[in-house]
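This report describes a molecular structure in words, for a reader who has the sequence and the coordinates at hand. It begins with a single residue and then widens to the chains as a whole.

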Amino acid sequence: MDYSCSNYELACNECGKRYGNRPLSACPDCLAPLEVVYDLLNAKGVFTRDSIARGPASIWRYARLLPVPEGFQPDLPVGFTPLVHADRLGARIGASNLYVKNDAVCFPTLSFKDRVVSVALANARKFGFDTVGCSSTGNLANSVAAQAARLGLKACILVPADLEPAKILNTLVYGARLIRIDGNYDHVNRLSTLIADEYNWGFVNVNLRPYYAEGSKTVGYEIAEQLGWRLPDSVVVPMAGGSLIRKIRKAFNELIFLGLVRKPARPTRFFGAQATGCSPISVAVREGTEDIVPQRPNTIARSLAIGNPADGPAAAKMILQDGGWAQDVSDVEIVSGIQELAETEGIFTETAGGVTTAVTARLYADGRIARDETTVVCITGNGLKTTDALADRYDLGEAIRPRLADFDACLRSLDGETEPELVAAGES
Amino acid sequence: MQIKVVLPTAFTRHTDGRKQIDSTAANLPALLLEFDQTFPGLSTQIKDEHGKLRKFINIYINDEDIRFLGGDAYVFQDGDEVMLIPSIAGGHWARPGR
């Protein structure tokens with residue numbers, strides 16, 4: 001299988017000027033973000049349902065529409081995570097056709113960031129960088145550290161000092177240099193841009209950002225393919241920098257253009273999810289504007305805590321155009337969201353997934369999504385990384401003696417029952 | 001009263017390669033007016049056709065986004081470091097391996 005796409009280059013989102021392929025993220029003329037554009041006509045008849053089905057069970061089955069250099073040979077089976085029908089969660093929130101896209105089990109580091117990092121590092125190698133880095137709220141740090149180790153690249157990773165301990169440990173274990181910054185993500189990100197300006201490093205979400213961001217499209221391709229090559233009515237997506245939600249739509253539009261899915265009568269609507277403690281994009285959507293007013297984040301959903309989102313204006317614009325909505329929820333609701341998803345579907349997500357689940361419930365309750373719509377909820381990270389959010393939620397109780405009577409009493413106490421369930425053998 | 005203006009590499013083609021510029025401007029609007037005179041190429045790059053600062057540029061005073069400090073109304077303090085950074089900054093024309 002040919003894993004490369006040679007018909008792509010960087011183009012300015014605003015002025016349209018093209019820049020070929022180079023480690024560059026902002027248009028030198030108008031400073032707007034650059035985006036990878038493809039010669040889609042060239043992919044017609046090549047990027048087909050059949051060719052995809054013959055590919056590996058990973059994001060690389062879609063390599064023809066990813067910006068990976070000629071001769072690229074994929075190493076890790078990233079992505080192609082389960083899309084599960086969520087009957088029980090649906091019943092609880094009033095949704096009859098609900099799906100969960102479960103990137104809590106993405107390979108190799110249990111978040112959707114594995115997708116973007118694998119595409120970014122393919123380009124880092126092509127551009128000749130021997131050190132890669134990122135500014136991160138945690139998941140990206142884990143993924144850059146792990147995949148850099150696998151590829152033999154050096155890694156230098158910047159994170160806010162108050163990051164969850166699990167996310168710090170999950171970065172250090174791969175041997176990456178991790179530098180904690182006394183500040184929030186926006187401070188970290190600003191420093192990263194200065195570093196990328198001075199050092200010859202490939203910062204995946206700075207100078208490699210246009211390539212990196214394209215990896216998110218694979219979430220959209222997978223949703224369409226796993227739904228039997230059709231598009232959902234609605235998608236609920238967590239928003240931090242605001243990139244993922246746009247890239248899922250880009251993927252859907254490419255599939256429509258190439259004829260892999262039918263254009264739905266009503267375009268898929270996109271719903272963005274944020275924590276109230278960091279909600280610059282949902283506030284903008286609520287006010288009907290694409291002007292983002294930056295915020296100082298204060299939420300347990302640290303992986304979404306970007307107060308000045310780089311792709312915020314574009315995300316708000318797109319949501320408003322498509323008739324979607326953006327919603328934010330409190331930290332209390334976030335924890336309930338985590339528990340609800342775990343209790344109904346057996347999926348343990350991190351705080352960002354709690355945001356997405358709680359927002360989904362709110363969207364159905366408010367009638368913004370109708371009961372019978374086909375809706376996909378994007379769960380982007382794993383709960384094992386943010387266990388501190390649940391630390392005081394469960395009472396382990398006292399240990400009991402290894403005796404049946406003690407067990408029965410304990411069980412009744414757990415279930416709040418007064419009658420014994422213990423039935424002596426032969427009595428039933 | 002003097003402030004230090006710090007620019008990313010992407011802007012230095014308009015400033016004779018200088019990444020740091022000293023200024024006595026009192027506030028951001030005054031600084032932008034000063035650029036009109038001293039570095040007209042830089043002015044063109046960072047302002048849109050209506051003469052307003054482009055939306056894809058962030059201004060930081062020391063470590064803080066100027067929007068948290070009052071924006072245009074913020075009065076520069078002696079010794080302030082004023083940074084101009086494209087909102088998705090990073091990368092320039094040089095190839096790796098310089």
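In which loop of chain A does A:Pro108 lie? The residue sits in the loop between strand S5 (98-102) and H4 of chain A. A cis peptide bond joins A:Phe107 to A:Pro108, with omega at about 5 degrees. As with every value in this report, that angle comes from a predicted model. For the complex, the predictor gives an ipTM of 0.85 and a pTM of 0.93.

**Chain A: domains and core**

Chain A is divided into domain 1 (8-74 + 113-213) and domain 2 (83-109 + 216-390). The contact between them takes 29 residues from domain 1 of chain A and 33 residues from domain 2 of chain A. On the side of domain 1 that touches domain 2, the elements giving two or more residues are helix H1 (40-43), helix H2 (49-53), helix H4 (113-126), helix H5 (139-151), helix H6 (165-172) and helix H7 (185-198) of chain A. H5(A) gives the most to this side, with five residues. The C-alpha centres of domain 1 of chain A and domain 2 of chain A lie 21 Å apart.

The largest nonpolar core has 143 residues. Within this core, A:Ala120, A:Val132, A:Val144, A:Ile157, A:Val237, A:Leu304 and A:Val355 touch the most other members. The core draws at least three residues from each of domain 1 (8-74 + 113-213) and domain 2 (83-109 + 216-390) of chain A. Which residues is A:Ala120 in contact with, leaving aside its neighbours within four places in sequence? They are A:Val204, A:Leu208, A:Tyr211, A:Tyr212 and A:Gly215.

**Chain A: two helices and a pair of strands**

Helix H14 (residues 351-365) of chain A has 15 residues and reaches 21 Å from its first C-alpha to its last, close to the 21 Å expected at 1.5 Å a residue. Of its 15 residues, 14 are buried, so H14(A) is largely enclosed by the rest of the structure. Just after H14(A), A:Gly367 takes a positive phi of about 75 degrees.

Helix H12 (residues 312-322) of chain A has as its buried residues A:Gly312, A:Pro313, A:Ala314, A:Ala315, A:Ala316, A:Met318 and A:Ile319. Among the elements that cover these buried residues are helix H10 (244-257), strand S11 (269-275), helix H11 (280-286) and strand S12 (325-329) of chain A. After H12(A) comes A:Gly323, with a positive phi near 80 degrees.

Strand S3 (residues 34-38) of chain A shows how side chains can alternate along a strand. A:Leu34, A:Val36 and A:Tyr38 point to one face and are buried, whereas A:Glu35 and A:Val37 point to the other and are not. S3(A) is joined to strand S1 (residues 8-12) of chain A by five bridges, and the two run antiparallel. Opposite A:Leu34 in S3(A) stands A:Cys12.

**Chain B**

Chain B contains two helices and five strands, arranged from the N terminus as β-β-α-α-β-β-β. An open sheet of five strands has the order S2-S1-S5-S3-S4 (chain B), with mixed pairing. At its edges are strand S2 (20-23) and strand S4 (64-65) of chain B, each pairing on one side only. Strand S1 (residues 3-6) of chain B pairs with strand S5 (residues 81-86) of chain B in the parallel sense over three bridges. B:Lys4 has B:Glu81 in S5(B) as its bridge partner.

Of the 98 residues in chain B, 27% are buried. Among contacts in chain B with a separation of 6 or more, 53% link residues 24 or more positions apart.

Two residues of chain B that are not glycine have a positive phi:

| Residue | Phi | Place |
|---|---|---|
| B:Asp16 | near 55 degrees | loop between S1 and S2 of chain B |
| B:Asn62 | about 55 degrees | loop between strand S3 (57-61) and S4 of chain B |

Are these residues buried or exposed? B:Asp16 is exposed, with 7 other C-beta atoms within 10 Å. B:Asn62 also counts as exposed, because it has 11 C-beta neighbours inside 10 Å.

Confidence in chain B averages a pLDDT of 86, and 90% of the residues score at least 70. Over residues 91-98 of chain B the pLDDT is below 50, and this stretch has 15 contacts in the model beyond near neighbours in sequence. Where pLDDT is low, the predicted coordinates should not be read in detail.

Terms used
Residues are numbered from 1 along each chain as its sequence is written. Chains are lettered from A and ligands numbered from 1 in the order in which they are written. A nonpolar core is a set of buried Ala, Val, Leu, Ile, Met, Phe, Trp, Tyr and Cys residues joined through C-beta atoms within 7 Å. A residue is buried if 20 or more other C-beta atoms lie within 10 Å of its own, exposed if 12 or fewer, and partly exposed in between; C-beta atoms are placed from the backbone. Domain bounds come from an automatic or database domain assignment. Two residues are in contact if their C-beta atoms, placed from the backbone, lie within 7 Å. Helices (H or I, at least four residues) and strands (E, at least two) are DSSP runs, numbered from the N terminus. The expected span of a helix is 1.5 Å times one less than its number of residues. Two strands pair if DSSP finds at least two bridges between them. pLDDT is the predictor's confidence in each residue, from 0 to 100.
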